[in-house]
Amino acid sequence: MKIAIANDHAAVQMKDLVTAELKDLGHEVLNFGTDTEESCDYPDFAKPACEAVVNGEADLAILICGTGIGMSLAANKVKGIRCCACSETFSAEMSRRHNNANALAFGARVVGEEIAKRLVSTFVNTEFEGGRHERRVNKIMELE
């Protein structure tokens, strides 16, 4: 699977950790984030990563900023993106299983390294259930 990853200055080290984890899981990673800790604006990185998902260049996106909230807000402005901000694995799993989320956001200042690895692993390894959930996801997409 191809995973787009994006981060701001608050999450450079976390991006590197998550990138290594994704590669260990056998995924290809497309880096849309910054590689420096110089202050920058998260929407500038969320947008191209999410566009890669919408355009079919990537299957999913992982977005990391200080809290995950800013990245998720920016991501959800990109037509076709369903991004969830999660700090624990149950929500990450259910966002895929029931909401067919195609982007995960979390905060480098909110979760530790081991939780981040579990979030990413859970998110990319969970399949959408479809069925009654597909009708609901379609209704969400109609709101665009």
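In which helix does F45 lie? Select F45 and the ribbon around that residue: F45 lies in helix α2, residues 43-54, where helices are DSSP runs of H or I with at least four residues and strands are runs of E with at least two, both numbered from the N terminus.

Before going further, note that this is a predicted model, in which local features need pLDDT of at least 70 and side-chain atom pairs count only at pLDDT 80 or more, while totals for chains, interfaces and linings use all residues. Residues are numbered from 1 along each chain as its sequence is written, and side-chain values use heavy atoms, with hydrogens and water left out.

**Stop 1: helix α2**

Stay on F45, which counts as buried because its relative accessibility is 16% (buried means under 20% relative accessible area, exposed over 50% and partly exposed in between, with a 1.4 Å probe and protein chains only). Now display the residues in contact with F45, contact meaning heavy atoms within 4.5 Å: leaving aside neighbours within four places in sequence, these are A6, N7, F32, G33, T34, C40 and M71. A C-alpha to C-alpha distance drawn from F45 to G70 should read 11 Å, for two residues that are 25 apart in sequence.

Next select V53, which is also found in helix α2 and, at 11% relative accessibility, counts as buried. Not counting residues up to four places away in sequence, V53 touches A58, D59, L60, A61, I81 and N102. The C-alpha atoms of V53 and I64 are separated by 16 Å, although the two residues are 11 apart along the chain.

**Stop 2: helix α1 and its cover**

Select residues 12-24, helix α1, and check its length: at 1.5 Å a residue, its 13 residues should span 18 Å (1.5 Å times one less than the number of residues), and the end C-alpha atoms are 19 Å apart, which agrees. The buried residues of α1 are V12, M14, K15, L17, V18, T19, E21 and L22, and what covers them includes β1 (2-7), β2 (28-31), β3 (60-65), β5 (103-107) and α5.

Just beyond, α1 is followed by G26, whose phi is positive, near 95°. Continue to H27 in the loop between α1 and β2; H27 counts as buried at 12% relative accessibility, and, leaving aside neighbours within four places in sequence, is in contact with M1, I3, L22, V124 and N125.

**Stop 3: α1 against α5**

Add residues 113-125, helix α5, which packs with α1 at an angle of about 45°, the axes being 10 Å apart; axes are lines fitted to C-alpha atoms, for helices over the stretch in contact, and angles run from 0 to 180 degrees between N-to-C directions. That makes α1 oblique to α5, since angles under 35 degrees count as roughly parallel, over 145 as roughly antiparallel, 65 to 115 as roughly perpendicular and the rest as oblique. The contact is made by M14, L17, V18, E21 and L22 of α1 and by E113, A116, K117, V120 and V124 of α5.

**Stop 4: α4 against α5**

Finally, keep α5 and select helix α4, residues 89-97: the two pack at an angle of about 20°, with their axes 8 Å apart, and are therefore roughly parallel to each other. Show T89, A92, E93, S95 and R96 of α4 together with R118, L119, T122 and F123 of α5, which make the contact. End at N100, in the loop between α4 and β5, where phi is positive at about 50° although N100 is not a glycine.
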